[in-house]
Amino acid sequence: MTIGFRVRSRPRAVEQEWVEKFKELPVANVSDSMHRMHAAGAQLRPMHRSGKLAGRAITVKAPPGDNLMLHKAMDMAVEGDVIVMDAGGEVTHALMGEMMLDYARRRGVVGFVLNGAIRDADAFLEMNVPSFAVGVTHRGPYKNGPGEINCHIAIGGMVIMPGDLVLGDADGVVVVPIDDVAEVYERTVAKHTAENKQMDNIKDGTHKPTWFNDALAKAGCELPSES
């Protein structure tokens with residue numbers, strides 16, 4: 001294969017049962033359960049109207065503003081896939097718009113994570129396919145390459161491998177490595193359950209946190225006697 005023009009098959013992918021289980025959990029709790037180490041950055045914002053992103057990653061790497069390999073990835077995608085594309089975070093040229101979005105959703109693509117821009121923003125709201133990008137521009141893409149499909153990529157320091165579990169909601173995007181889904185799920189459920197209990201305590205007035213006083217005392221902070 002020629003470096004820069006490589007299209008690989010995906011060797012494996014997270015099982016759909018895990019995708020369905022994680023749909024019920026907030027991205028923030030998933031992130032916390034991985035020690036806040038797997039974040040793609042606050043620049044990735046939802047371009048759809050509402051709803052959660054959850055699916056198996058097809059990865060794409062391309063130069064800024066070029067979508068040749070994005071077209072090929074859509075052609076390779078199967079139902080339940082999320083296309084995750086690193087195009088350098090540049091927003092001068094859009095990577096995709098209305099026609100590509102409609103084509104992809106009819107093929108069963110359940111979402112996009114684009115380290116780049118989109119156009120036809122109203123269509124993203126109307127079709128409501130969970131999609132995250134870093135900007136919007138009317139200027140169209142190049143279609144020259146190079147690019148690679150199903151390679152490891154990184155967005156904002158978060159590494160994504162083909163087949164990993166991709167999740168997104170209003171707080172942003174997180175990726176769970178395929179080999180860690182069981183452990184992360186167990187941790188996330190425990191955290192989510194604990195937070196729900198804490199929310200119930202807040203509602204009924206029994207939540208009385210004091211941990212910050214211990215932290216302040218340990219730091220040598222003087223507090224008024226009434227606190």
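**Close-up 1. Strand 3 and strand 4 sit side by side in this predicted model.** Strand 3 covers residues 53–61, and it runs parallel to strand 4, with six bridges joining the two. To get your bearings, look for alanine 57, which stands opposite valine 82 in strand 4. Another pair to look for is isoleucine 58 and isoleucine 83, again facing each other across strands 3 and 4. What holds neighbouring strands of a sheet together? They pair through backbone hydrogen bonds, and the pairing can be parallel or antiparallel.

**Close-up 2. Strand 4 is mostly covered.** How many of the six residues in strand 4 (residues 81–86) are buried? The count is six of six. Try following the strand one face at a time: Asp81, Ile83 and Met85 lie on one side, while Val82, Val84 and Asp86 lie on the other, and both faces are covered. Strand 4 also pairs with strand 6 (residues 111–115), in the parallel sense and over five bridges. Here valine 84 has valine 113 of strand 6 as its bridge partner.

**Close-up 3. Strand 3, helix 3 and strand 4 form a β-α-β unit.** The unit is right-handed. Helix 3 takes up residues 68–76, and its buried residues are Met69, Leu70, Ala73 and Met74. Imagine peering down the axis of helix 3: these buried residues fall within an arc of 145 degrees, so they line one face of the helix.

**Close-up 4. Strand 3 has antiparallel partners too.** Like strand 4, strand 3 is described as mostly covered; eight of its nine residues are buried. Strand 13 runs antiparallel to strand 3, and four bridges join them. You can spot this pairing at arginine 56, which faces leucine 165 of strand 13. Strand 10 (residues 147–149) is also antiparallel to strand 3, this time with two bridges. There, valine 60 stands opposite isoleucine 149.

**Close-up 5. Three strands make an open sheet in the order 5-7-9.** The pairing in this sheet is parallel. Why do strand 5 (94–96) and strand 9 (135–136) each have one side without a neighbour in the sheet? Both stand at the edges with a single partner strand, so nothing in the sheet flanks them on that side. Strand 7 (residues 117–118) pairs with strand 5 over two bridges, and methionine 96 stands opposite isoleucine 118 of strand 7.

**Close-up 6. Helix 6 runs through residues 181–204.** Its 24 residues reach 34 Å from the first C-alpha to the last, close to the 34 Å expected at 1.5 Å a residue. Which residues of helix 6 are buried? They are Val181, Val184 and Thr188. The buried residues pack against helix 1 (16–22), helix 2 (27–33), strand 13 (165–169) and strand 14 (172–176). Just past the end of helix 6 comes glycine 205, with a positive phi of about 80 degrees.

**Stepping back. The protein chain has seven helices and 14 strands.** Its C-alpha trace spans about 70 × 35 × 35 Å along the principal axes. Of its 227 residues, 43% count as buried. The chain exposes about 11,900 Å², and carbon and sulfur atoms supply 54% of that. Finally, take the contacts with a separation of 6 or more: residues 24 or more positions apart account for 76% of them.

Terms used
Residues are numbered from 1 along each chain as its sequence is written. This is a predicted model: local features need pLDDT of at least 70, side-chain atom pairs count only at pLDDT 80 or more; totals for chains, interfaces and linings use all residues. Side-chain values use heavy atoms; hydrogens and water are left out. Buried means under 20% relative accessible area, exposed over 50%, partly exposed in between (1.4 Å probe, protein chains only). The arc is that of the directions from the helix axis to the C-beta atoms. Two strands pair if DSSP finds at least two bridges between them. A crossover is right-handed if, with the strands pointing away from the viewer, the path from the first strand over the helix to the second runs clockwise. Contact means heavy atoms within 4.5 Å. Accessible areas come from the Shrake-Rupley method with a 1.4 Å probe; for residues, only the protein chains shown count as cover. The expected span of a helix is 1.5 Å times one less than its number of residues.
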